[in-house]
Amino acid sequence: MTRTDRGRRLLAVLVASLLALCACSGGGGGQDGRTYVYAVNGDPMTVGLNAQFVGGTYPILFSAQLMDTLIFMSDDYELSPGLAESWELSDDGLALTLHLRHGVRWHDGEPFTAEDVKFNFEEIVPLQTYGAMLAERLGSVEIADPSTVVLRLTRPFGPLLEVVSQQFMLPEHVYEGTEYVTNPANKEPIGTGPMMFGSYTPGQDVVLVKNPDYWGPPSQVDRAVYTVVQDPNSRAEALLAGEVDGAVIDPSQQERVRANEHTQLLDHGMFPQMVTTMFNTQNEPLDDPAVRAAIFAALDRAAFADTAMAGIGQPATGFIPPQVDWAVNPDVNFDRDFPRDLDAINRALDEAGYPRGPDGTRFTLRILHIFTLTEVVKTVEMAQSMLAEIGIATEVKGTGGAEYSERVYAEADFDMAFVRSTTGPDPSLGIANWYVCNEERATGSNPTGVCDPEIDAAAAAALDTNDKAQRGAAFQRMQTRARELIFYAPLAWSNAGFPTINTSRWQGQDAPRVMAERVPWSQMAPAEDRR
């Protein structure tokens, strides 16, 4: 019996046991299908479940189910009321008035209040990546009345509403007077969301249960079991067999997904993702923009999308995805600006002072990537062959996420790096940080060594106004300069990292989502018995 077969058998036993337990306890599951099962590739509790204090896939995944934000933002960037029923932004952009919902309660039964909101913006929001940017411009937080909170800024902040939409509210009575980041509640979060923390079994699963007092449309799911299935083949087999309802699986499995009437890869529900490449401009020969441009031109973005991403990627032709059309620079076009003309690329490298040696090699580049991102691994494999065509040798190193971050950000120990990331809720938040100066080498920001005054000024201008047209013009200037320097760029937009679902037990998993990353609990319904 193979490891995959053993993994599938153990998973099937586990899921069956969970469903039987749910049925016996009267909480749904079993015959009525009220238990939803999602396979994750690692133990979520290694980093915790609270996205206010730590980034990454799992904290966001769980926070989106357990907690609410004041303003919801969907994956297509639409804003809608959350814990705030409505809001107004003053004409000068310096005052945001939030009108809070009445009758909302935390999972422990305590009321959600304006004092909670004030506490969050004064104490918690500054600790979150996006929130820290807002905190720098936040002058005061005022409680105008028991259901109204006013944020007063010292200067305009372009992505104000977008940042507010990413702040999960935490209960003051649980966090006040504690060490926020190490508070045990981060592993058993108390929120106001449609699901509540149920239980955790180390290395096995995290269980969420329905919030019976949710202020919004109630969940149709009684229990959600996030079961750990590390082996990617086991996850795929379990999903295709209907043993789990959702999972992120290898892009190479998508042909089987398309052939199965009950499975589909979601194309929504999360912000757009991108596979990118970056250059360490502190190392020769990558300190020369002409060399970087030649290398980037040699990378066949269409081939990456078609092959490495199994046809579920779209070649990038610019720095900002088409979904954010107001910020896209129409004068930037990678197909025109960096054509894959091998003769011209070879001439450019010769002219830059890097002719081929006796063995046909110009120089060697050290390439770094995260080995668990399978479509990135395949992109790197293809890139090696593409670079070899123009006389560039490569030394490839696949690492875990922690080592990748250490080598890329702290040590600058790479020549090129490939990674998958998200575009985020606004270009100032999920894109611009890869281009502005990062002298402190903060994780998740520009690690290339480029500090360009034009780029920094354009990014700052986009932050300093609430006028979308002015923000768009600033981003266009940023992209023009980024094209000239070409040190970080997307290769393809892709939903390869999105969940794949099996609809044999649950319908409605593909429903539109009012909040990015949130499962559409209220719109789901048990599928009819297919036995």
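The link between Cys-437 and Cys-451 in this predicted model is right-handed, with 60° about the S-S bond. The two sulfur atoms sit 2.0 Å apart, and the disulfide count comes to one. The pair is said to tie together distant parts of the chain, although Cys-437 and Cys-451 both lie in the loop between H15 and H16, 14 residues apart. As for solvent, neither end is tucked away: Cys-437 comes out at 25% relative accessibility, so it counts as partly exposed. Cys-451 has a relative accessible area of 39% and is therefore partly exposed too, given that the partly exposed class runs between 20% and 50%.

Further along comes helix H17, covering residues 468–485. Does the length add up, or what should it be? At 1.5 Å a residue, its 18 residues should span 26 Å, and the end C-alpha atoms are indeed 26 Å apart, so the two figures agree. At the start of H17, a side-chain oxygen of Asp-467 comes to within 3.0 Å of the backbone nitrogen of Ala-469. Just past the other end, Ile-486 takes a positive phi of about 35°.

Then there is the packing of H17. Its buried residues are Arg-471, Gly-472, Ala-474, Phe-475, Met-478, Gln-479, Arg-481, Ala-482 and Leu-485. These buried positions pack against helix H9 (289–298), helix H15 (427–430) and helix H16 (453–463). H15 and H16 turn up here again, having already appeared as the helices on either side of the loop that holds Cys-437 and Cys-451.

Terms used: Residues are numbered from 1 along each chain as its sequence is written. This is a predicted model: local features need pLDDT of at least 70, side-chain atom pairs count only at pLDDT 80 or more; totals for chains, interfaces and linings use all residues. Side-chain values use heavy atoms; hydrogens and water are left out. Helices (H or I, at least four residues) and strands (E, at least two) are DSSP runs, numbered from the N terminus. The expected span of a helix is 1.5 Å times one less than its number of residues. Buried means under 20% relative accessible area, exposed over 50%, partly exposed in between (1.4 Å probe, protein chains only). Contact means heavy atoms within 4.5 Å. A polar contact is a pair of N or O atoms within 3.5 Å; within protein, one must be able to donate a hydrogen and the other to accept it, and residues adjacent in sequence count only if both atoms are side-chain atoms. A disulfide is a pair of cysteine sulfur atoms within 2.5 Å.
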